[in-house]
Amino acid sequence: MTKRLYERDAYCREFTATVVSCEQDGEVYRVVLDQTAFFPEGGGQAADEGTLNGEAVQDVQLKDGEVVHTVSAPLAVGSTVHGCLNWPLRFERMQSHAGEHIVSGVVHRLFGYDNVGFHMSEALMTVDFNGPLSAEDLETVEREANAAVWQNAAITVSFPTPEEQATLTYRSKLENIDDLRLVTMEGIDCCACCAPHPARTGEIGLVKIVDSIPYKGGTRITMLAGKHALADYAALNRVNKSLMKLLSAPREAVAEAVNRHVEAEQTLRAENQQLLKRVALCELKPIAVNGSVMAATADIGFDEMRYCANTLMENDTKACVLLSAVGEGYLYVAAGDAAVVKAVVTLLNTQFGGKGGGKPNYAQGKVPSKSAEELLAAVEALL
Ligand SMILES: [Zn+2]
């Protein structure tokens, strides 16, 4: 069995080992060593990265109790190799994983919920709890978790026997297993876990819960710890600074300033729509036909056409038919007398291949490319 150096010494970042086996597997080689500091993927944490004799280790997996390293070149069985971890990456993951332990421990202590799902991406982590947590609850959790970080409590690893396990209280309770590994944060949390953790909670640096959603009757939180939490803060601060500049707003009042801009934009948009309608009406040249009116214009939409039709209908007009050249065809609006509206819609849809309809006193639609003259002549004949 490979001696798992990472289980007892999370800070072991360089080691020498003897190659126990090396098997070709397609284009790669699977290597087992007599001991290793490479943590294999597990417990929600990705496999360590680094090198063996200077060559990149592509993957590390636990298979039948053995730690299997994937490399691109063969290593002679019996030879000595030098292993070197990508330590900055490993340490970030130790910070993140220990941050998750603290948060899960606090949630368990305050609310009695269990961590029932854990995923670590390169920066963000998601943790699923089997109970509801409000935004206020999570503020409390975050505060308590960071207080636990600042306590700088010792984090220790132990391997209790099945008899000892029966007397212990810890999270992720696994029944009487021989190689149970407990990670204890003194006075804060105790949890069964296979991953490497820092020696003291202070090394986690910072714990930040960034989001939460209801999930499967419980709560899924998104969180960051350590270097990633600081990087996130720096990124958000950069965004805030550019917004402060754009909005000429003080640091704490960016949201308020954005809100003012959104409201102003809504007012301007409403005013603009109103102006567009009035301009459309001014540019319209209605032609009177038997107590009704018709007109052809261009580049106005249904909102403006409806406004024009309604306005034209105010002077005892029987019906109003409007056309607006848009792209490859004409939008049409027919308003007023129900019989006229129905006749116009039938005319434009059946004789000119249009599509549209509406209510008895108002209809709208579209007619494919035809000349305005031809359409107006047909409408005039109908009116
Ligand atoms: Zn863990």
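Six strands make up an open sheet, in the order β17-β18-β19-β20-β22-β21 and with mixed pairing; strands (E, at least two residues) and helices (H or I, at least four) are DSSP runs numbered from the N terminus, and two strands pair if DSSP finds at least two bridges between them. The sheet belongs to a predicted model, in which local features need pLDDT of at least 70 and side-chain atom pairs count only at pLDDT 80 or more, while totals for chains, interfaces and linings use all residues. Residue numbers start from 1 along each chain as its sequence is written.

At the edges of the sheet sit β17 (287-289) and β21 (355-359), each pairing on one side only. Neighbouring strands are turned by 15° against each other on average, direction ignored. Further in, β18 (residues 292-298) and β19 (residues 319-326) run parallel and are joined by 6 bridges; here Val-293 has Cys-320 of β19 as its bridge partner. Helix α9 (residues 372-382) packs on the sheet, touching β17, β18, β19, β20 (329-336) and β22 (362-368), and its direction makes about 170° with that of β18. Such angles run from 0 to 180 degrees between N-to-C directions, with axes fitted to C-alpha atoms, for helices over the stretch in contact.

Now for the domains, whose bounds come from an automatic or database assignment: domain 1 (3-85), domain 2 (90-234) and domain 3 (284-382). Between domain 1 and domain 2, 12 residues of the former are in contact with 15 of the latter, contact meaning C-beta atoms, placed from the backbone, within 7 Å. Helix α1 (residues 5-8) supplies the largest share of domain 1's side, 3 residues.

What about the inside? The largest nonpolar core (buried Ala, Val, Leu, Ile, Met, Phe, Trp, Tyr and Cys residues joined through C-beta atoms within 7 Å) has 48 residues, and Phe-38, Ile-102 and Val-103 are among those with the most contacts inside it. Helix α2 (residues 87-111) gives the most to this core, with 6 residues. Domain 1 and domain 2 both contribute residues, so the core lies between them. Leaving out residues up to four places away in sequence, Val-103 touches Val-127, Val-141, Ala-145, Val-207 and Met-223.

Strand β9 (residues 80-85) shows a neat alternation: Val-81, Gly-83 and Leu-85 point to one face and are buried, while Thr-80, His-82 and Cys-84 point to the other and are not. Buried means that 20 or more other C-beta atoms lie within 10 Å of a residue's own (exposed is 12 or fewer, partly exposed in between), with C-beta atoms placed from the backbone. Strand β2 (residues 14-25) pairs with β9 in the antiparallel sense over 5 bridges, and Ala-17 stands opposite Val-81.

Definitions and conventions: Two residues are in contact if their C-beta atoms, placed from the backbone, lie within 7 Å.
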